[in-house]
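Thanks for sharing this one. Here are my notes, point by point, for you to read alongside the coordinates.

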Amino acid sequence: MTTSLHSLLPWTAKPLIINGPMGGFAGGSLAAAVTSAGGMGFIGAVYDMAALDRELSNAASALSASPTFENSRTKEGLLPVGVGFLPFLVKLEDALPVIAKWKPHSVWLFAAREHADYATWAERIRPTTGGKTLLWIQTGSVSAGVEVARLARPDVLVLQGSDAGGHGFEKGAGIISLLPEAADALADAGFGDIPLVAAGGIADARGVAAALALGAQGVVMGTRFLASKEVMMPHPAYQEAVLEASDGGQSTVRTKLFDTLRGPNVWPELYDGRGVVTQTWRDHVSGMSLEEIRTLHKEAEGREDKGYGLKGRVTMWAGTGVGLVREVKGAGEIATEVREEARRVVEGLRTGL
Ligand SMILES: Cc1cc2nc3c(=O)[nH]c(=O)nc-3n(C[C@H](O)[C@H](O)[C@H](O)COP(=O)(O)O)c2cc1C
């Protein structure tokens, strides 16, 4: 039987809304707002462990006001937010002290160079908090899901479809076929107990209801939270572009080009990333050399808007759900509204049949 994700996250309300650990975008205020609203909030780490420490501290202060948690901790003494790491980028030795200090409720791993690296991280993280911290792994194919389950036995498996904003599998399927096929394959391989969560292209209640129908116990939204009050944005023009962009299959693109603009691509071969179509992409399509694209990109970064905006050149990671993102709201409000509306959608389906 599949483990109930709700039993692992007792403060959360159903259906479970999770914010993606968007490195450099999802900080402590965003994560705390989502958790306080009965969701699961994640902070996204990149290289800088001192910055992560500050964001965890922000989350702890924000949660100290919450009546749900005593001294901003769960009954088990964990900080009720998660932290997302990119194991190909961060050294495990640098991550462990931060985990030991803050004891986050969950640790999320994504984009290890080898699947076996997830097992190494899992083995080292678990004892750091006496086995209490939950391990989430995000991956992007049926076979990778089974392999990751076999090697690292995550507590939660996040299946990321190709509509997702930011990085993901270059060869991907949409969540609508990925999740149920992965659920079947995992059950066949003896891992049917692992709760599954859907990510990629879900930006409103209708997407959440669909993900539940596919067999997900929760939904990760990244792009939708780019239009939250708490998100950390490199420039307001980025958020404006997310609000302006529509018809996500046309206004965003998956490519490795975005990873080569400031130098060599450091991402493992398996990954590319989805971002808003910029002048950089249009120039690439019309045949401009990478050298020239890089020169223009550097120039654009020096401008007042730092090169962001629909006519800009600097990468703005976002998923195909951008067209559904129309206004900026508090992250807690987003989590609550989407959750409550999803319940109405599901109820409407039930009564309409
Ligand atoms: C701006 C941005 C940054 C992201 N950074 C990370 C990251 O650092 N680590 C990670 O595991 N996922 C990252 N993601 C992917 C999310 O975890 C999630 O899979 C994705 O946002 C879901 O798709 P959606 O954007 O369509 O909601 C990022 C996504 C976005 C939009």
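1. Let me start with the ligand site. This is a predicted model, and 23 residues surround the ligand in it. The closest are Trp108, Gln138, Gly201, Gly222 and Thr223. Three polar approaches can be checked on screen, each of them to an oxygen atom of the ligand. A polar side-chain atom of Trp108 lies 2.8 Å from such an atom. For Gln160, an N or O atom in the side chain is 3.0 Å from a ligand oxygen. At Gly200 the backbone takes part instead, with a polar atom 3.4 Å from an oxygen of the ligand.

2. Next, the domains. The domain assignment gives domain 1 (5-233 + 325-352) and domain 2 (236-322). Their C-alpha centres lie 25 Å apart, and the contact takes 30 residues from domain 1 and 22 residues from domain 2.

3. Which residues of the largest nonpolar core touch the most other members? They are Leu52, Leu56, Phe85, Leu109, Trp136 and Phe225, out of 116 residues in that core. Domain 1 and domain 2 both give residues to this core, so it lies between them. As general background, nonpolar side chains tend to be buried together in soluble globular proteins.

4. Trp136 deserves a closer look within that core. Setting aside neighbours within four places in sequence, Trp136 is in contact with Leu9, Ile18, Met40, Phe42, Ser106, Val107, Trp108, Leu109, Val156, Val158 and Val197. Two names on that list appear in earlier points: Leu109 is another of the core residues that touch the most other members, and Trp108 is among the residues closest to the ligand.

5. On to strand E11 (residues 271-276): is it mostly covered or mostly open? It is mostly covered, with six of its six residues buried. E11 pairs in the antiparallel sense with strand E7 (residues 166-169) over four bridges, and Tyr271 of E11 is the bridge partner of Phe169. E11 also pairs with strand E10 (residues 252-255), again antiparallel and over four bridges. In this second pairing, Arg254 has Arg274 of E11 as its bridge partner.

6. Helix H10 (residues 236-244) has Ala237, Tyr238, Gln239, Ala241 and Val242 buried. The buried residues of H10 pack against helix H9 (223-226). Please look at this pair of helices together with the domain bounds, since domain 2 is assigned as 236-322.

7. Asp204 sits in the loop between strand E8 (196-199) and helix H8 (205-214). Is Asp204 buried or exposed? Its relative accessible area is 13%, under the 20% limit, so Asp204 counts as buried. The side chain of Asp204 makes a polar contact of 2.6 Å with that of Arg206. Beyond its neighbours within four places in sequence, Asp204 is in contact with Met221, Arg224, Leu324 and Val338.

8. Thr280 is found in helix H12 (residues 279-285) and counts as buried, at 0% relative accessibility. Leaving aside neighbours within four places in sequence, Thr280 has contacts with Leu257, Leu261, Ile293, His297, Gly312 and Arg313.

9. Gly332 belongs to helix H14 (residues 331-352) and is buried as well, with a relative accessible area of 15%. Neighbours within four places in sequence aside, Gly332 is in contact with Ala33 and Ala37. The C-alpha atoms of Gly332 and Arg54 are separated by 21 Å, with these positions 278 residues apart along the chain.

10. Finally, the backbone geometry. Most residues other than glycine have a negative phi, and most peptide bonds are trans. A cis peptide bond joins Lys14 and Pro15, with omega about -10°; Pro15 lies in the loop between helix H1 (5-8) and strand E1 (16-19). Asn71 has a positive phi of about 50°, and its place is the loop between helix H3 (49-64) and strand E3 (79-85). At 65% relative accessibility, Asn71 counts as exposed. Lys103 also has a positive phi, of about 45°, in the loop between helix H4 (92-102) and strand E4 (104-110). Lys103 counts as partly exposed, at 33% relative accessibility.

Note on methods:
Residues numbered from 1 in each chain as written. Predicted model: local features only at pLDDT ≥ 70, side-chain atom pairs only at ≥ 80, totals over all residues. Heavy atoms only, no water. Core = buried A, V, L, I, M, F, W, Y, C linked by side-chain atoms within 4.5 Å. Buried < 20%, exposed > 50% of the residue type's maximum accessible area, 1.4 Å probe, protein only. Domains from an automatic or database assignment. Contact = heavy atoms within 4.5 Å. Helix = DSSP H or I, 4+ residues; strand = E, 2+ residues; numbered from the N terminus. Pairing = 2+ DSSP bridges. Near = heavy atom within 4 Å. Polar contact = N/O pair within 3.5 Å; in protein donor to acceptor, adjacent residues only side chain to side chain.
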